[in-house]
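Notebook open, model loaded. I want to go through the fold and then look up the odd spots one by one.

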Amino acid sequence: MSQLHIALFEPQIAPNTGNIIRLCANNGCLLHLIEPLGFDLEEKKLRRAGLDYHDMTRVIRYQNFDDFLAKMGDHRIFACTTKGNHFYHQVKYEKGDVLLFGAETHGLSEQVHKFVGTDNKIKIPMQPSNRSLNLSNAVAIISYEAWRQLHFCN
């Protein structure tokens, strides 16, 4: 079992997902993509951003959130959202945790927010007037904190 899982809910921008593929190759996270995707996985921009890391990253696709839950529902799932109630570093991460990130254009759906509940919504501190961070930057910040807490073990 992978130490940590990163799940992208309906990602829209190919270069972000490519960067996250490269990130997962380097931090050992398993990447889950929840459809619909806003791009084709063979898109040139995705491949360029992921460089030659595609073969070093395990990527699993799901038709929708229900399909994802059917396979991952026994794991603790943290919704990484600007609507979070706790800062990402205040969580004690465990092996097998899922870090779930929303689409760049619309975030996480109401269904996802209801499923995750209040206690498992986490956020990155930002200046009050700012809307959000770039998706691949947010994934890097939170996944590396979780991995650090697990002593960088795979």
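**A proline in a loop**

I started with Pro-36, which sits in the loop between strand S2 (30–34) and helix H2 (44–50). The peptide bond leading into Pro-36 from Glu-35 is cis, and I read its omega as near 5°. A reminder to myself: this is a predicted model, so the cis bond is a feature of the prediction.

**Overall layout**

Next I stepped back to the whole chain. I count five helices and seven strands. Reading from the N terminus, I wrote down the order β-α-β-α-β-α-β-β-β-α-β-α. The chain has 154 residues, and 49% of them are buried. I also looked up the contacts with a separation of 6 or more: residues 24 or more positions apart account for 78% of them. For the surface, I have about 8,100 Å² exposed by the chain, with carbon and sulfur atoms supplying 47% of that area.

**The sheet**

In what order do the seven strands of the open sheet stand? I traced S3-S2-S1-S6-S4-S7-S5, with parallel pairing. Strand S3 (59–62) and strand S5 (86–87) are at the edges; each has a single partner strand, so one side of each has no neighbour in the sheet.

**Strand S4 and its two partners**

I then picked S4, residues 77–80, for a closer look. Ile-77 and Ala-79 point one way from this strand, Phe-78 and Cys-80 point the other way, and all are buried. Which strand pairs with S4 over four bridges? I found S6 (residues 97–101), in the parallel sense. In that pairing, Ile-77 has Val-98 of S6 as its bridge partner.

S4 also pairs with S7 (residues 121–123), again in the parallel sense, over two bridges. Here I noted two matches: Ala-79 has Lys-121 of S7 as its bridge partner, and Cys-80 stands opposite Ile-122.

**His-32**

Back to S2, where I looked up His-32. Is His-32 buried or exposed? The relative accessibility is 1%, so His-32 counts as buried. The His-32 side chain makes a polar contact with the side chain of His-5, at 2.9 Å. I then listed the contacts of His-32, leaving aside neighbours within four places in sequence: His-5, Ile-6, Ala-7, Leu-8, Ile-60, Tyr-62, Phe-68 and Met-72. Two of these notes meet at His-5, which is in the contact list and is also the polar partner.

**Positive phi values**

I went looking for positive phi outside glycine and wrote down two residues. Glu-10 has phi near 50°. Glu-10 lies in the loop between strand S1 (4–9) and helix H1 (14–27). Buried or exposed? For Glu-10 I get a relative accessible area of 17%; the cut-off for buried is under 20%, so Glu-10 is buried.

Phe-152 is my other entry here, with a positive phi of about 55° although it is not a glycine. Where is Phe-152? I found Phe-152 in the segment after helix H5 (135–149). At 45% relative accessibility Phe-152 falls between the 20% and 50% cut-offs, so I put it down as partly exposed.

**Arg-22 and Thr-57**

How far apart in space are Arg-22 and Thr-57, C-alpha to C-alpha? I get 7.5 Å, for a pair that is 35 residues apart in sequence. Arg-22 belongs to helix H1, and its relative accessible area of 32% makes it partly exposed.

**A nonpolar patch**

Last entry: the surface. Which residues make the nonpolar surface patch of about 210 Å²? I have Met-126, Leu-133 and Ile-141. I followed up Leu-133, which lies in the loop between S7 and H5. Leu-133 is partly exposed, with a relative accessible area of 37%; a patch residue needs over 30%, so Leu-133 passes that cut-off.

Technical notes
Residues are numbered from 1 along each chain as its sequence is written. This is a predicted model: local features need pLDDT of at least 70, side-chain atom pairs count only at pLDDT 80 or more; totals for chains, interfaces and linings use all residues. Side-chain values use heavy atoms; hydrogens and water are left out. Buried means under 20% relative accessible area, exposed over 50%, partly exposed in between (1.4 Å probe, protein chains only). Two strands pair if DSSP finds at least two bridges between them. A polar contact is a pair of N or O atoms within 3.5 Å; within protein, one must be able to donate a hydrogen and the other to accept it, and residues adjacent in sequence count only if both atoms are side-chain atoms. Contact means heavy atoms within 4.5 Å. Patches are made of residues with over 30% relative accessible area and no salt bridge: like charges are joined within 9 Å, nonpolar side chains (Val, Leu, Ile, Met, Phe, Trp, Tyr) within 5 Å. Accessible areas come from the Shrake-Rupley method with a 1.4 Å probe; for residues, only the protein chains shown count as cover. A salt bridge is a side-chain nitrogen of Lys or Arg within 4 Å of a carboxyl oxygen of Asp or Glu.
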